Amino acid sequence: MTSYVENETNKEFPFAVEEVVQNVAGAVLAMENCPYEVCLNLLITDNGGIRAYNKQYRQIDKETDVLSFPNLAYEKAGDFSVAEAMQADCFDFESGELILGDIIISADKVSEQAKEFGHSELREFAFLTAHSMLHLCGYDHMEEAEAAEMEQKQEIVLQKLGYVRE
């Protein structure tokens, strides 16, 4: 898996961001039995930046913690076979990797929510990454059953990797 992480803030986390992204994304992809090598992009911004992205892409003029932009139009969550039909649009020509999508995380929200929920920034960052990765795999939480499935999958990944609440 190739992940590109860009931090457009001055925020420095007390953990290796790229390592957390690799660990969490890899665990989600393994859990979902993704048959491809994957490429994903993650941008770390601040509350102002994520608000601007939220307004631009979702027409919602407010801050949020994480935004996910899947590159695949799934018929069923976790069913990567849709990529075959969209091969020219979904795979990197040079590497052959599936371009899974983009994630934007607010560094400000990582800090705020870690304090609010009483756990570390590491756990919050890992949670937001897992949550977003599931969106990139076709999951959503618009309905109660979908939300419950996503929550269960997130918790499985976080527990497996040891990113637990202290």
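## C34 and its surroundings

Let's start with C34, which sits in the loop between α1 (17–31) and β2 (38–45). This is a predicted model, so treat what follows as a reading of a prediction. Is C34 buried or exposed? C34 counts as buried because its relative accessible area is 15%, and the cut-off for buried is under 20%.

Which residues does C34 touch once you set aside its neighbours within four places in sequence? The contacts are L29, F80 and L98. There's also D79 to look at: 45 residues separate C34 and D79 in sequence, and their C-alpha atoms are 8.2 Å apart in space.

## The β1-α1-β2 unit

The helix and strand on either side of that loop belong to a β-α-β unit made of β1, α1 and β2, and the unit is left-handed. Strand β1 covers residues 2–7 and pairs with β2 in the parallel sense, over 6 bridges. If you'd like one pair to find on screen, take T2, whose bridge partner in β2 is C39.

## A salt bridge from the loop to α7

The structure as a whole has 6 salt bridges. As background, side chains of opposite charge can pair when their charged atoms come close. One of the pairs here is K153 with E32, where N and O are 2.9 Å apart. K153 belongs to helix α7 and E32 to the loop between α1 and β2, so this pair ties together parts that lie 121 residues apart in sequence.

How accessible are the two partners, K153 and E32? K153 is buried at 16% relative accessible area, and E32 is buried as well, at 7%.

## The network around K109

What joins E63, K109 and E112? Take the salt bridges one at a time. E63 pairs with K109, with the closest N and O atoms 3.6 Å apart. E63 is in the loop between α2 (47–58) and β3 (66–70), while K109 is in helix α5 (residues 107–117), so the bridge ties together parts 46 residues apart in sequence.

K109 also forms a salt bridge with E112, and here the closest N and O atoms are 3.5 Å apart. Both K109 and E112 are in helix α5, 3 residues apart, which is about one turn of the helix. Salt bridges with shared partners thus put E63, K109 and E112 in one network. As for accessibility, K109 is buried at 16%, whereas E63 is partly exposed at 34% and E112 is partly exposed at 37%.

## Helix α6

How far apart should the ends of α6 be? The helix runs over residues 121–136, which makes 16 residues, and at 1.5 Å a residue the expected span is 22 Å. The C-alpha atoms at its ends are 22 Å apart, so the model agrees with the expectation.

Helix α6 is mostly covered, with 14 of its 16 residues buried. After the helix comes G138, which has a positive phi, near 100 degrees.

## K160 in α7

Back in α7 (residues 144–161), have a look at K160, which is part of this helix. Is K160 buried or exposed? K160 is exposed, because its relative accessible area is 62% and the cut-off for exposed is over 50%. From K160 to V110, 50 residues apart along the chain, the distance between C-alpha atoms is 21 Å.

Note on methods:
Residues numbered from 1 in each chain as written. Predicted model: local features only at pLDDT ≥ 70, side-chain atom pairs only at ≥ 80, totals over all residues. Heavy atoms only, no water. Helix = DSSP H or I, 4+ residues; strand = E, 2+ residues; numbered from the N terminus. Expected span 1.5 Å × (residues − 1). Buried < 20%, exposed > 50% of the residue type's maximum accessible area, 1.4 Å probe, protein only. Contact = heavy atoms within 4.5 Å. Pairing = 2+ DSSP bridges. Right-handed = clockwise from strand over helix to strand, strands pointing away. Salt bridge = Lys/Arg side-chain N within 4 Å of Asp/Glu carboxyl O.
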